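Hi,

Here is the protein we talked about, ready for you to open and turn around. Have a look at it first, then read my notes underneath.

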Amino acid sequence: NALNHDWLLPQDVAISNANTPDPDEKSKQKVDAGLYRRDDADKVEKHTKWAYMELSIECKTQAVQHDPFDESSASGNHEDASDVRQKFLGQIMSYSMLIFDHQQRVHHLMLLIFDEKARIIRWDRSGLVATKPFNYVQEPELLGRFIWRFARMSPEQRGHDPTATRISTTSAGYHMMTKHEIIVPGVVGDHARAAFAKSLRGNSICWRLRADDAQKGTHYLLVGKPHFIAPGLAGRGTKTFVAVDEADPQGPFVYLKDAWRVAHTGIKQEGEILKKLNSDGDDGPVPYVPTLRYHGDVESQETRSQEIWKKQHKDEVEKDCPLKKHRHYRLVVNEVGISLDKFESACELIGVIIDCIQAHGHAYKRKNLIHRDISAGNVLIYPKVTQYEHGNVVVERVGLLADWELAESVGEKEEGPRQPDRTGTWQFMSANALRHPSKKIIVQDDMESLFHLLLYQAIRYLPHICFEVGRFVEKYFDGYEERRGAYYGGEKKMETMKSGALTTTLTEPLRFYLSEPGPPEEPRTETCGPTTSPSSGSESPKSKKPNPGLHPINAVFNDMLQVLQAHYLLYLPNESTVASGAAQERKVFPLAPRRASVLKAFGWDKNKARASDISNPLRPTSPANRTRLEALATKLASHEALSHLMTNRYVNEDWPAEDRVPDKLPGSYGTKTGRKRFAESTWVSSQSKTKCSWRPSGKPPV
């Protein structure tokens, strides 16, 4: 109530939200108080409403214990700060992240109060800037002056994006959106329509976003709730939307990517890369990549935290600045993809991977580009109209290799790294790249990433006996080691590459089945291999379940692992062994159809079998088999060889039509491992009046 006076807050109202979380936010987080526009007060009542908050206010009772930026310890290092301070830093960071998630923001201001002291914090996609603590009891004019000035700031000064306008539910734009959301079954692009309709549900705020293209002019996109939001605060902060192009109200849905791209020397806009991939030159457009509609930077919006750091560290080299410069950017493409984890069968999953190998190969050979960021979010399924038969539309679900923002020209000479840290998505980076942070990403790394991506989907959605899927994912995909402040990949992924064998966390063979197998012979902590029949009388007949037989995806993994093992044995030699198992009798299942486009691309006849050129598992390297090792390792650098390797299995194996199972990754996985996976942080200290800091990142620095 002390703030709610017209002379102090002529257009805003201060509302206490300490006990009432935002009902529209799944995390149920709540900040102590906030300033809201008076026009929005009726939407807020007593709830925290991240979508409408102008200034967040967090209060604590103890000055020293709750100051997240206190440097009173002897070393002055963030690692020496108390657990309470670190926890509080993460808490206020998550509040600011929710502001960015629910609004269209360039930056955000926060008022932090602890006992009789306070700090003012400015957050952007590069990091944060915090004032020195000041005693607002002894110097109340400092706090009063800030509140008075904030109340008279324009929306742009407060950090709102002026190119984003909220759409009223009574406007013509909203009418256009609701008209588009009507789902008509059987219509091409129905998946996009369903996603768009979902974005308008509940209390979702709709936006009119401006996209400026240097050649194609200004366009406006109508969007609802984001289709995807990248976790974390500092970084690219990518949001994607299924959108309606205001200039084409009767046209198809399009896909809008809103991100804060790294604005360092030599880094190209993603739209320029897509333009090259889509061009008619160099033997035509690359297949299975998005089609550029328009793109461009958003006015002159850039982060400022890194500039403050440079002012505080004038004696240091600019390239040593730990904070990246980010520039706001929007990209619009024609294709609205489907998340890879929505694959219908393993057969479809393999076909999508083959498509992406082709896309990667065409881009590499004809356009001189390498992707460098293969991940679960960048490989999509796209329902594509391939032909018309007897007046009917024929649609194939093909692969789409998206997100080329980190791509670079092959053989490009650099005078230094284009970014201050490594490139890629941690979970899917090659074991070699994770062990060598400065390693230049090459074809072999991206092809290995496709293997990891295939395994990630299989371990979650295909049948196998592995009770500790969360533990496996943590060790194989999220595992890391810290050495003197640097982060390296964990042992599990590297062990798999060198041994050429997939094993559980207990080093038992990891195999996949045609359907869920029966229970193991004896209770175990974890089992992922074939089971033997229990002894007579050990369990009742009702508890027994026929073994369904091994899944053909095991053959794909075996082929890929032999190629990967050969690569690692030659270039990272080490003793290795291969786990193997006896073949099992299979039950008969309905088979999945092969896509005609995949067969046609490689001149394959589905009626003619073709023997695999990969046979027995490799043994530890020796002069006698070095020639074979080299022949296998070469396949990892050859898109054609790798595509043919997988297509052979795609054509000649009996793939079940229905093999997908519910997600095996525990829903609590992110919560259980979140603290460790979000542990990295960098502390930047100074004796000046402001402090800059990185946030704890979403994973080790990538």
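Below is what I found, going from the whole chain down to a few residues.

First, a heads-up: this is a predicted model. The protein has 702 residues, and 53% of them are buried. You can pick out 17 helices and 24 strands in it. If you take the contacts between residues at least 6 apart in sequence, 70% of those join residues at least 24 apart. As for the outside, the accessible surface comes to about 31,800 Å², and carbon and sulfur atoms account for 51% of that.

Now zoom in on one spot on that surface. V385, Y388, V393 and V395 make a nonpolar patch of about 360 Å². Two elements give two or more residues each to this patch: β18 (379–389) and β19 (392–401). Try finding V395, which sits in strand β19. Is V395 buried, partly exposed or exposed? Its relative accessibility is 41%, so V395 counts as partly exposed, since that class lies between the 20% and 50% cut-offs.

The other place to visit is W7, in the segment before β1 (12–16). W7 has a relative accessibility of 58%, so it counts as exposed; the cut-off for that is over 50%. Which residues does W7 touch, leaving aside those up to four places away in sequence? They are W148 and R152. W7 and W148 are 141 residues apart along the chain, yet their C-alpha atoms are separated by 8.5 Å.

Have fun exploring!

Note on methods
Residues are numbered from 1 along each chain as its sequence is written. This is a predicted model: local features need pLDDT of at least 70, side-chain atom pairs count only at pLDDT 80 or more; totals for chains, interfaces and linings use all residues. Side-chain values use heavy atoms; hydrogens and water are left out. Helices (H or I, at least four residues) and strands (E, at least two) are DSSP runs, numbered from the N terminus. Buried means under 20% relative accessible area, exposed over 50%, partly exposed in between (1.4 Å probe, protein chains only). Contact means heavy atoms within 4.5 Å. Accessible areas come from the Shrake-Rupley method with a 1.4 Å probe; for residues, only the protein chains shown count as cover. Patches are made of residues with over 30% relative accessible area and no salt bridge: like charges are joined within 9 Å, nonpolar side chains (Val, Leu, Ile, Met, Phe, Trp, Tyr) within 5 Å. A salt bridge is a side-chain nitrogen of Lys or Arg within 4 Å of a carboxyl oxygen of Asp or Glu.
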